[in-house]
Amino acid sequence: MRLLLLLLLAFTVANTHKILVYNLKFAHSHSNFLGNIADILEDAGHDVTTLIPEVGTTIKDGSTKAKVIRIPPNPEAAAVLEKMNTGEIDVLQFSELNPLVAYMMSREVGTMFYKQCETTLDSKIYEKLQKEKFDVYMVETFDICGMLLAHLIKPRSIIKTSTTILLGEQFDELGVPLPLSYNPSPLTRSLDVHSITSRLWNLYAEHVNRFMFSNIRRRVPTIFKRRFGEDFPTLQEITANVSYVFTNSEPLIDFAAPTLNRVIDIGGLGAKEPKKLDEYWSSVLTRRPKTVLISLGSMAKSYLLQPTVKAAFVKVCTTFPSVTFIWKYEKKDEFALGDAAKIENLVLTDWMPQNDILNHPNLAVFITHGGMGSVQELTLRGKPAILIPIFGDQPRNAAMIEHNKLGKVLSKLEVGNAEKMIGLLKELMENPVYAQNSARVSRMLAKKPFSSKEKLLKYVDFAAEFGPSSALRPQSVDMTFIEYHNLDIIFVGLILSAAISYLLLYTVLYLAKRIMLGKVKNE
Ligand SMILES: *[C@@H]1O[C@H](CO)[C@@H](O)[C@H](O)[C@H]1NC(C)=O
């Protein structure tokens, strides 16, 4: 028995790796996803450190088990985040495809990431981290700084880790093909592949999305070049050499599209196991036979909604008196204490155990902004949804749910339209197809042949032991645009066929002339 224990211990120790997780604190969903990964790895016996540049100090770390190195917030970066959180930038009023909004967001978010990156580099933390000789460095390329830091930290393996799907240029950097004729851009909330206008919109949406990240992508690398020399590798060069890419995608609900062997989907890892509801929430959920949960996420605050939109939600509640509505509403303001308080079947709350509520049998429909975390939770718990995408990857997440007949999409510009929302809610509650499909997907997710957690642990182990594999790195990342698209061959081919056509035409004309001339002579 003792021998067995010793053997077991030796086995765990032999598999312990030093792992660094870069977890920029700017949005709850990102911190939650990366923090949860850090905790899963720590639980598995690894030595995990999280590097947290704290733009938003009020956001939770996401991890409770790993060691933490904090970088203080850059005041300008923190000010931008504050501006977004207080609704000074009203994201609900504009279409997600409005190029002016994209420009504004690009500048604001660009400043936030750029400034924070300077503070992170000022701390010279990379010198200390390089000495640590990490086996694996897990990093999200949302703010770019973390990925460029990889070149200074020099881990054995870099694992690019995305809280969402791959975005924009990341496809090119990794060598993953992106067929925009049938793979919706993050900003596309519905794509009809047989419609020329719909596909055109998708192309346009992809460009707006890339434009949104253009400011960050242009500015952040300049900091590194300024400090470490002009020959500091580009983002493309560093990203092309990662060992693996983890995405928060779930193939059982995502759009099927080409990928690579080094892209590993670990969707749903941010979702915790559901717990039993406490007495209060349990009593709310059993007040009426059905409950609808409304939450627009942590970035779009419900109390900042236009009065007409709030009135529309109230109308929806009064239309379904036998349904209890729970609405995530952050403030006890005039509306909360006035109009909303008069509605008997409406419960306002600034916090609720979302994942556990979704697991309750009485929960009929989830009205959500469609953040990746919420989309994963609603599919894991098997609940139909109305999605009101606001920005980021939310439009595509919503399209994913509608495509799988697990719910319906409502444009954020139409939330004030009570009739429309009532219609959708009726459809989802009365047509059994949605509940059936949702239950089926939930069962499939529970029985996946390889769980996301299993994949995470095995691929991290593998990357820690062997480093990047050149076989997994497609040659496309070293090719020029012309080579990749065979434009040289097409060009030479066109010239050759033009020359041949010319020669043929010339010969035919020449022969025709000779024959005609011969005929004329003979006459
Ligand atoms: C990436 O990998 C290639 C091929 O293995 C190597 O030549 C190059 O120096 C690497 N670049 C960086 C930035 O690590």
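A salt bridge is taken here as a side-chain nitrogen of Lys or Arg within 4 Å of a carboxyl oxygen of Asp or Glu. The exercises below concern a predicted model.

**Exercise 1. The interface of domain 1 and domain 2**

Task: Describe the interface of domain 1 and domain 2, and determine which residues form a salt bridge with 3.0 Å between the closest N and O atoms.

Solution: Begin with the bounds, which the domain assignment gives as 16-270 + 451-476 for domain 1 and 279-446 for domain 2. The centres of these two domains, taken over C-alpha atoms, are separated by 28 Å. Next comes the contact itself, in which 33 residues of domain 1 meet 32 residues of domain 2. Between them the two domains bury about 2,800 Å², and 65% of this area is on carbon and sulfur atoms. On the side of domain 1, the residues that lose the most area to domain 2 are Leu92, Arg189 and Ile253, which together account for 28% of what that side buries.

Now turn to the polar part. The rule finds one salt bridge across the interface, and the residues asked for are Asp254 and Arg396, whose closest N and O atoms are 3.0 Å apart. Between the two domains, nine residue pairs are in polar contact, while the residues on the side of domain 1 that touches domain 2 divide into 12 nonpolar, 16 polar and five charged.

**Exercise 2. His369 and Tyr434**

Task: Decide whether His369 is buried or exposed, and do the corresponding for Tyr434.

Solution: The cut-off needed is that buried means under 20% relative accessible area. His369 has 11% relative accessibility and therefore counts as buried; its place is in the loop between strand S11 (363-368) and helix H14 (372-380). Its side chain makes a polar contact of 3.4 Å with the side chain of Thr368, and a polar atom of the side chain of His369 lies 3.5 Å from the backbone nitrogen of Gly371. Leaving aside neighbours within four places in sequence, the residues in contact with His369 include Ser295, Leu296, Ile388 and Gln394.

Tyr434, in helix H17 (residues 432-446), has a relative accessible area of 7% and is therefore buried. The C-alpha atoms of Tyr434 and Leu406 are 5.2 Å apart, although 28 residues separate the two along the chain. The side chains of Tyr434 and Glu427 are joined by a polar contact of 3.4 Å, and Pro384 and Lys408 are among the other residues that Tyr434 touches.

**Exercise 3. Salt bridges and chain separation**

Task: For the salt bridges Lys25 with Asp61, Lys67 with Asp47 and Arg210 with Asp172, state where the partners lie.

Solution: By the rule, the count comes to 27 salt bridges. In the pair Lys25 and Asp61, the closest N and O atoms are 2.8 Å apart. Lys25 lies in the loop between strand S1 (18-22) and helix H2 (28-43), and Asp61 in the loop between strand S2 (47-53) and strand S3 (67-71), so the pair ties together parts that are 36 residues apart in sequence. Lys25 is buried at 2% relative accessibility, and Asp61 is buried at 17%.

The side chains of Lys67 and Asp47 meet at 2.8 Å, N to O, and this pair links strand S3 to strand S2 across 20 residues. Here Lys67 is partly exposed at 47%, as is Asp47 at 26%.

Finally, Arg210 and Asp172 meet at 3.3 Å, N to O. Arg210 lies in helix H8 (residues 196-228) and Asp172 in helix H7 (residues 170-174), so parts 38 residues apart in sequence are tied together.

How values were computed:
Residues numbered from 1 in each chain as written. Predicted model: local features only at pLDDT ≥ 70, side-chain atom pairs only at ≥ 80, totals over all residues. Heavy atoms only, no water. Domains from an automatic or database assignment. Contact = heavy atoms within 4.5 Å. Buried area = accessible area lost by both parts, 1.4 Å probe. Polar contact = N/O pair within 3.5 Å; in protein donor to acceptor, adjacent residues only side chain to side chain. Nonpolar A, V, L, I, M, F, W, Y, C, P; charged D, E, K, R; others polar. Helix = DSSP H or I, 4+ residues; strand = E, 2+ residues; numbered from the N terminus. Buried < 20%, exposed > 50% of the residue type's maximum accessible area, 1.4 Å probe, protein only.
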